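Work through the exercises below with the sequence and the model side by side. Each task is followed by a solution in steps.

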Amino acid sequence: DVVVGVLDGDSAVVRVDETSLWRHERVIEALMKRHPVLPVRFGTTFSDRGALSAALEDRSSALHASLEKVAGKVELGVRAIREDAPEDDLRGTPPTRGRDYILNRVREHRRRGARAAEARRALEPLHHELARLSSDARARWSESPETLLAAAYLVDEDRVDDFRTAVDRAEKEREDVRIFCTGPWPPYNFVDFQVDGGGTLGALS
């Protein structure tokens, strides 16, 4: 059976503030400790319980498949941030002409971009290793010179320690990149179906 956690109220009035968001998160995390859970996006509403029941019935197969997918698993997040040293030519005498300043900034941006691309390539083995420790992975490789990778991994609960060990080892191997592992979280990035109007349907079993 599928059970849905809901709060009755005026669907036209959804308070979006830090307190409400954290309350929403705490409820989902509490439910996750006892059941597989598909977290609903904050602010998702239905006109009444009949509309909610209809949405569940219409997506029954996808709902059960998604619950099976996340059962016994948690989401772990990984973010890699580039730490650049100051450019040597920018630490000397500053340029006296505007054109020279602009050219120096362009050269700096290109160098930073090239080093970031090299760092991203160096991080690919880590992503592949983490993906092997996971049942699913969603990675976003950033074009920003600072943020190189933002990824989410769906990990069996009994492999969380192995996952964290791999991240810690990778960070110690690189002095120019800081790698953060966060979680465990509810599997927000692994709910793959939508309700009418574009909101994510969430439920627990």
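Helices (H or I, at least four residues) and strands (E, at least two) are DSSP runs, numbered from the N terminus. The model is predicted, so local features need pLDDT of at least 70 and side-chain atom pairs count only at pLDDT 80 or more, while totals for chains, interfaces and linings use all residues. Residues are numbered from 1 along each chain as its sequence is written, and side-chain values use heavy atoms, with hydrogens and water left out.

**Exercise 1. The overall layout**

Task: State how many helices and strands the protein has, and in which pattern they follow along the sequence.

Solution. Step one, count the elements: there are 5 helices and 6 strands. Step two, read them in order, which gives α-β-α-α-β-α-β-β-α-β-β. Step three, turn to burial, where buried means under 20% relative accessible area, exposed over 50%, and partly exposed in between (1.4 Å probe, protein chains only). Of the 205 residues in the protein, 34% are buried. Step four, look at contacts (heavy atoms within 4.5 Å). Among contacts with a separation of 6 or more, 76% join residues 24 or more positions apart.

**Exercise 2. Two helices and their buried sides**

Task: Find which residues of α2 are buried and which residues of α3 are buried, then describe how each set is placed around its axis.

Solution. Step one, take α2, residues 49–58, in which L52, A55 and L56 are buried. The arc is that of the directions from the helix axis to the C-beta atoms. The buried residues of α2 fall within an arc of 100 degrees, so they line one face of the helix. The face turned away from that buried side carries the exposed residues E57 and D58. Among what covers the buried residues of α2 is α3.

Step two, take α3, residues 60–70, with L63, S66, L67 and V70 buried. These residues lie on the same side of α3, because they cover an arc of only 100 degrees around the axis. Exposed residues S61 and E68 are carried by the face of α3 turned away from its buried side. An α-helix has 3.6 residues a turn, so residues three or four places apart point the same way.

**Exercise 3. Backbone angles**

Task: What is the sign of phi at G72, which follows α3, and is the peptide bond from G183 to P184 cis or trans?

Solution. Step one, the reference case: most residues other than glycine have a negative phi, and most peptide bonds are trans. Step two, G72 comes after α3 and has a positive phi, near 75 degrees. Step three, the bond from G183 to P184 is cis, with omega near 10 degrees. P184 is placed in strand β5.

**Exercise 4. The second largest pocket**

Task: Which residues lie nearest the centre of the second largest pocket, and which element gives the largest share of its lining?

Solution. Step one, fix the term: on a 1 Å grid over the protein atoms alone, a pocket is an open set of points where a 1.4 Å probe fits, with protein on both sides within 12 Å along at least five of seven lines, and lining residues have an atom within 4 Å of a point. Step two, the lining has 14 residues, and V78, R79, A150, A151 and A152 lie nearest the centre. Elements that give two or more residues to this lining are β2 (73–82), β3 (136–141), β4 (147–156) and β5 (177–185). The largest share, 4 residues, comes from β2.

Step three, consider A151, which is found in strand β4. A151 counts as buried because its relative accessibility is 10%. Leaving aside neighbours within four places in sequence, A151 is in contact with L76, G77, V78, R138 and A139. The C-alpha atoms of A151 and R140, 11 residues apart along the chain, are separated by 5.8 Å.
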